[in-house]
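Work through the exercises below with the model open. Each one gives a task, then a solution in steps.

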Amino acid sequence: MAVYQLTNDALTIAVKTAGAELCKVTGKDGTEYLWNADPAYWARFSPVLFPNVGNFNGKEFTYEGKTYPMGQHGFARDTEFDFVSQTEDTLTFVLNANDETKKKFPLDFALTISYTLKANQVIVGWNVKATGKKPLSFSIGAHPAF
C-alpha cells in the first residue's frame, strides 16, 4: 500500500492505494476534517462502496446460475488500486477486474477514482466502465466519516 498526497493553499489530502481511500483532509490551520480511523470504534476513513452499496441476503448473489460471495458494501474498499497519475491538483487511481475480483463479481469493469483539490473543496470523481461484452450492473457509494 502506498499513500499519495496533494496540497493547495487551503487543504492537504492523502489517499491510500488500499481501496483508493481518502485518509486525510487537513486545513491550512491544521484542522483535521476526516475521522481518524480509530480501530476501537471504526477502522476506516472514507471507504468506496462498489460493486454494491449495502448487503445481499445471505452475503451472496447469483448471476447466470452461479452463486458468488459478496460482503457488505462490496470489495473495492478492501482491494488494492493501481495509482494512475498525479497532477498539480488531482490524484487518479484505477481498479480493473482481475482473477481475484471475478471470484466475487464475474463482470469485467474498470473503476477509476479521482480526487481533485479546488480551493477549499475536495471533488471526488468516479468512472465505472464495462470492459467486457456483458452489461454491467452495479451500485457505488461513499462512506466518509467526519
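The model is predicted.

**Exercise 1. A facing pair**

Task: Find the residue in β8 that stands opposite Gln 86.

Solution. Step 1: Gln 86 faces Leu 91 of β8. Step 2: look for a second pair between these strands. Phe 83 has Phe 93 in β8 as its bridge partner. Step 3: count the bridges. β7 and β8 (residues 90-96) are paired by four bridges, in the antiparallel sense. Step 4: trace the link. Three residues make the hairpin from β7 to β8.

**Exercise 2. The whole sheet**

Task: Give the order of the four strands in the open sheet and state the sense of their pairing.

Solution. Step 1: the order reads β7-β8-β9-β10, and the pairing is antiparallel. Step 2: identify the edges. β7 (82-86) and β10 (121-130) each pair on one side only, which makes them the edge strands. Step 3: add the twist. From one strand to the next, the average is 20°. Step 4: check an inner pairing. Strand β9 (residues 109-118) runs antiparallel to β8, and seven bridges join them. One of the β9 residues involved is Ala 110, the bridge partner of Asn 96. As background, strands of a sheet pair through backbone hydrogen bonds, parallel or antiparallel.

**Exercise 3. Burial of a threonine**

Task: Decide whether Thr 92 is buried or exposed.

Solution. Step 1: place the residue. Thr 92 lies in strand β8. Step 2: apply the cut-off. Buried means under 20% relative accessible area. Thr 92 has 13%, so Thr 92 is buried. Step 3: list the contacts beyond four places in sequence. Thr 92 is in contact with Asp 82, Phe 83, Val 84 and Ser 85, and also with Thr 112, Ile 113 and Ser 114. Step 4: widen the view to the strand. Six of the seven residues of β8 are buried, leaving the strand mostly covered.

**Exercise 4. The nonpolar core**

Task: State how many residues the largest nonpolar core has, and which element gives the most to it.

Solution. Step 1: the core has 31 residues. Step 2: find those with the most contacts inside this core. They are Ile 13, Phe 81, Phe 105, Phe 109, Leu 111 and Tyr 115. Step 3: find the elements that give two or more residues. These are β2 (11-16), β3 (22-27), β8 and β9. Step 4: pick the main contributor. β9 gives the most, with five residues. Step 5: inspect Phe 109. Setting aside residues up to four places away in sequence, Phe 109 touches several residues, including Phe 50, Phe 75, Leu 95 and Leu 136. Polar residues also appear among its contacts, including Asn 96 and Lys 129.

Note on methods:
Residues are numbered from 1 along each chain as its sequence is written. This is a predicted model: local features need pLDDT of at least 70, side-chain atom pairs count only at pLDDT 80 or more; totals for chains, interfaces and linings use all residues. Side-chain values use heavy atoms; hydrogens and water are left out. Two strands pair if DSSP finds at least two bridges between them. Helices (H or I, at least four residues) and strands (E, at least two) are DSSP runs, numbered from the N terminus. Axes are lines fitted to C-alpha atoms, for helices over the stretch in contact, and angles run from 0 to 180 degrees between N-to-C directions. Buried means under 20% relative accessible area, exposed over 50%, partly exposed in between (1.4 Å probe, protein chains only). Contact means heavy atoms within 4.5 Å. A nonpolar core is a set of buried Ala, Val, Leu, Ile, Met, Phe, Trp, Tyr and Cys residues joined through side-chain atoms within 4.5 Å.
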